[in-house]
Amino acid sequence: MHANITGVILAGGRSTRMGGKDKGLVQVGDKTLYQHVLGRLTPQVSQVIISANRNQQCYQQSGLEVVGDLTADYPGPLAGILAGLTYARTPWIVCAPCDVPDFPLNLVEQLWLHKGNALASYASDGEREHPTFALLHTSLADELTRYLARGERKLMLFMAAIDAQQVMFSGQQDAFRNLNTPEDCQQWQQEKGSEQ
């Protein structure tokens, strides 16, 4: 557990492929999707906040701090990351999207160990980059604010602009699988059931 890192669950999207339902609150087995993510993230960080723009009261039932975007036009995950950078009371944050319930249990440790001198690092499974799984220093808030103010929205372009370090999680493609649709959730739940 890293005492100087706040976990930020990104649950602020519009989740159009989930039929407009709030993705983080979709029930998968005995828990909602964000609770699956919370269970994996909590042991890795000192505290967790949730970035959500809808149903904030539902998320507040977790007892965690819930923060909304600081911008009004749903600019995507970067807005949730900015909210995390702004509200965190630690020098670092690590982000995790609310729809990837199997991400590595050593995510934070690896992002931390391999960041070098960079102010940010993000995950890659060797085939695809996963920049929503990112460790960022809170001093990047001003730079991200300016980036969004210019109308920029692309997460990987921001990572390149701040010289973020890519961290490899080779052969762990399944760990980064996101559940976008009700069918995805059902299939994941069935797989989990057969593993037990």
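Author: Two rings of Phe, Tyr or Trp count as a pair if their centres lie within 6.5 Å, and for Trp the six-membered ring is used. By that rule, ring pairs link Phe 103, Phe 133, Phe 169 and Phe 176 into a cluster. The model is predicted.

Reader: How many aromatic pairs does the structure hold?

Author: Six.

Reader: What makes the pair of Tyr 34 and Tyr 59 edge-to-face?

Author: The ring centres are 4.9 Å apart, and the cut-off for a pair is 6.5 Å. The planes stand at 65 degrees. Edge-to-face needs over 60, so the name fits.

Reader: Why do you say that this pair ties parts together?

Author: Tyr 34 belongs to helix α1 (residues 33-41) and Tyr 59 to helix α2 (residues 56-60). The two parts are 25 residues apart in sequence, so the pair ties them together. Both Tyr 34 and Tyr 59 are buried.

Reader: What makes Phe 133 and Phe 176 an edge-to-face pair?

Author: Centre to centre they are 5.3 Å apart, with 75 degrees between the planes. The limits are within 6.5 Å for a pair and over 60 degrees for edge-to-face. Both are met, so the pair earns the name.

Reader: Where in the chain do Phe 133 and Phe 176 lie?

Author: Phe 133 is in strand β8 (residues 129-137). Phe 176 is in the loop between β9 (165-168) and α7 (182-195). They are 43 residues apart, and the pair links distant parts of the chain.

Reader: How do you know that Phe 133 is buried?

Author: Its relative accessibility is 1%. Buried means under 20%, so Phe 133 counts as buried. Phe 176, with a relative accessible area of 3%, is buried too.

Reader: What makes Lys 115 count as lying over the face of Trp 112?

Author: Lys 115 is at 4.4 Å from the ring centre. The distance limit is 6 Å, and NZ must also be within 35 degrees of the ring normal. Lys 115 does lie over the face of Trp 112.

Reader: Which residues does the UniProt annotation "binding site" cover?

Author: The unreviewed entry lists Leu 10, Ala 11, Gly 12, Lys 23, Asp 69 and Asp 99. Gly 12 lies in the loop between β1 (2-10) and β2 (27-28). Lys 23 lies in the loop between β1 and β2. Asp 69 is in the loop between β5 (65-67) and α3.

Reader: Why is Gly 12 called buried?

Author: Gly 12 has 16% relative accessibility. The cut-off is under 20%, so Gly 12 counts as buried. Lys 23, at 12%, is buried. Asp 69, at 17%, is buried as well.

Reader: What makes the link between Lys 23 and Asp 99 a polar contact?

Author: The side chains are joined at 2.8 Å. A polar contact allows N or O atoms within 3.5 Å, one able to donate a hydrogen and the other to accept it. The link therefore qualifies.

Reader: How do you know that the buried residues of α5 line one face?

Author: In helix α5 (residues 141-149), Ala 141, Leu 144, Tyr 147 and Leu 148 are buried. Down the axis of α5, they fall within an arc of 120 degrees, so they line one face. They pack against α3 (77-87) and α6 (155-161). The face turned away from the buried side carries exposed Asp 142 and Ala 149.

Reader: Why is Asn 55 called partly exposed?

Author: Asn 55 is at 38% relative accessibility. Buried ends at 20% and exposed starts over 50%, so Asn 55 counts as partly exposed. Asn 55 is in the loop between β4 (45-51) and α2. Its phi is near 50 degrees, a positive value in a residue other than glycine. Most residues other than glycine have a negative phi.

Reader: What makes Asp 163 exposed?

Author: Its relative accessible area is 61%. Exposed means over 50%, so the term holds for Asp 163. Asp 163 lies in the loop between α6 and β9, and its phi, near 55 degrees, is positive.

Reader: How do you know that Ser 124 is buried?

Author: Ser 124, in strand β7 (residues 120-124), has a relative accessible area of 3%. That is under 20%, so Ser 124 is buried. A polar atom of its side chain lies 3.2 Å from the backbone nitrogen of Gly 126. Beyond its neighbours within four places in sequence, Ser 124 contacts residues including His 130, Val 167 and Phe 169.

How values were computed:
Residues are numbered from 1 along each chain as its sequence is written. This is a predicted model: local features need pLDDT of at least 70, side-chain atom pairs count only at pLDDT 80 or more; totals for chains, interfaces and linings use all residues. Side-chain values use heavy atoms; hydrogens and water are left out. UniProt positions are given in the numbering used here, feature names are shortened, and annotations may be inferred rather than shown by experiment. Helices (H or I, at least four residues) and strands (E, at least two) are DSSP runs, numbered from the N terminus. Buried means under 20% relative accessible area, exposed over 50%, partly exposed in between (1.4 Å probe, protein chains only). The arc is that of the directions from the helix axis to the C-beta atoms. Contact means heavy atoms within 4.5 Å. Rings of Phe, Tyr and Trp (its six-membered ring) pair if their centres lie within 6.5 Å; planes under 30 degrees apart count as stacked, over 60 as edge-to-face and the rest as tilted.
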